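Dear colleague,

Please find below the structure I agreed to hand over, followed by a summary of what was found in it.

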Amino acid sequence: MNIGVSTSCYYPMLTEESLKQIGKSGIKTAEIFFNALCELESDFVNELKNIADYYGINVVSIHPTMSLSESFMLFSAYKRRYTEGINWYKRYAEIAAMFGAKYIIMHGGKPNKVLNDTEYIYEFLKVAETVEQNGAVLLQENVVNFRAGSLEFLKKFKEISGEKSGICLDIKQAIRGGYSPFDVLAAVGDKVKHIHISDSTRLSDCLLPGNGEFDFENLFCNAKNCGFNGNFIIEVYEDAYNNYGEIKSSYDALNKKFLKINK
């Protein structure tokens, strides 16, 4: 288990520059959030790999740029689009293999009249089988307003998906969905493989860790007790800080708490 940072924290900085910023900060664990389909081209991926290697960054997960179109591409009634979507995910799986990244994070589909929850989960598992061919594991993220944005759905996901996939728990998305991330760990903790972290107060649900009231030591302990052995990735938006140095300061302070719990 490690603390890391997502390149999405620096958005709309270009993806390659975001990865360099992580490297220059001395952070060794990262998630790459792709932001354009052209970033799937071999020359660009090779550039990212060279950056990661130069700075000694361990890329543990990748996040496709398809987040807003997955309902349309993968979970609709139009099969030709589904084939295109699957081919994109095959490419993401190839990229994950290049970095040695274990997880691919999916927002997934929004509720629609095409699939019920059970049918959706089986369709999700088909995509999971595709990425598994390259050694990656597809994780369902609990994004609010998407199908997986409720605790009840996550319980159903655990029941149906078995050992074939897992969950990416995002703290701010849980708060936005009206439930506690600790409730997620209590209900489906053995399915949680990756955690996006951020801080919060009553007035803001997305702050850098250390700038709010969230109990991270309790999170680390709860996750450890659930058998969690993944990574905690800081993922915030650009309005959560004033300068990039704040991200590094947040990372350093959080890492001290993490090491204290896991020494």
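A salt bridge is counted here when a side-chain nitrogen of Lys or Arg lies within 4 Å of a carboxyl oxygen of Asp or Glu. On that basis, Asp-117, Arg-147 and Lys-156 are linked in a network of such contacts. Please bear in mind that the model is predicted. The structure holds 12 salt bridges.

Two of the pairs lie within helices. In one, Asp-53 and Lys-49 form a salt bridge with their closest N and O atoms 3.0 Å apart; these residues are separated by about one helical turn because they stand 4 residues apart in helix H2 (residues 42-55). Asp-53 is partly exposed at 48% relative accessibility, and Lys-49 is partly exposed at 22%. In the other, Lys-248 pairs with Asp-252 at 2.8 Å, and the two are 4 residues apart in helix H10 (residues 245-262).

The salt bridge between Asp-170 and Lys-172 has an N to O distance of 3.1 Å. Asp-170 is buried, with a relative accessible area of 0%, and Lys-172 is likewise buried at 0%.

As to pockets, the largest contains about 550 Å³ of space. It is lined by 20 residues, and those closest to its centre are Ser-8, Phe-33, Ser-67, His-107 and Tyr-237. Helix H7 (residues 171-176) contributes the most to this lining, with 3 residues. The lining comprises 7 nonpolar, 7 polar and 6 charged residues.

The second largest pocket holds about 240 Å³. Among its 16 lining residues, Val-137, Glu-163, Lys-164, Ser-165 and Lys-193 are the closest to the centre. Its lining divides into 4 nonpolar, 4 polar and 8 charged residues.

Yours sincerely

Terms used:
Residues are numbered from 1 along each chain as its sequence is written. This is a predicted model: local features need pLDDT of at least 70, side-chain atom pairs count only at pLDDT 80 or more; totals for chains, interfaces and linings use all residues. Side-chain values use heavy atoms; hydrogens and water are left out. On a 1 Å grid over the protein atoms alone, a cavity is a set of points where a 1.4 Å probe fits but cannot get out, and a pocket is an open set with protein on both sides within 12 Å along at least five of seven lines; lining residues have an atom within 4 Å of a point. Grid points are joined across faces, edges and corners, and a volume is the space filled by probe spheres set on the points. Ala, Val, Leu, Ile, Met, Phe, Trp, Tyr, Cys and Pro count as nonpolar, Asp, Glu, Lys and Arg as charged, and the others, Gly among them, as polar. Buried means under 20% relative accessible area, exposed over 50%, partly exposed in between (1.4 Å probe, protein chains only).
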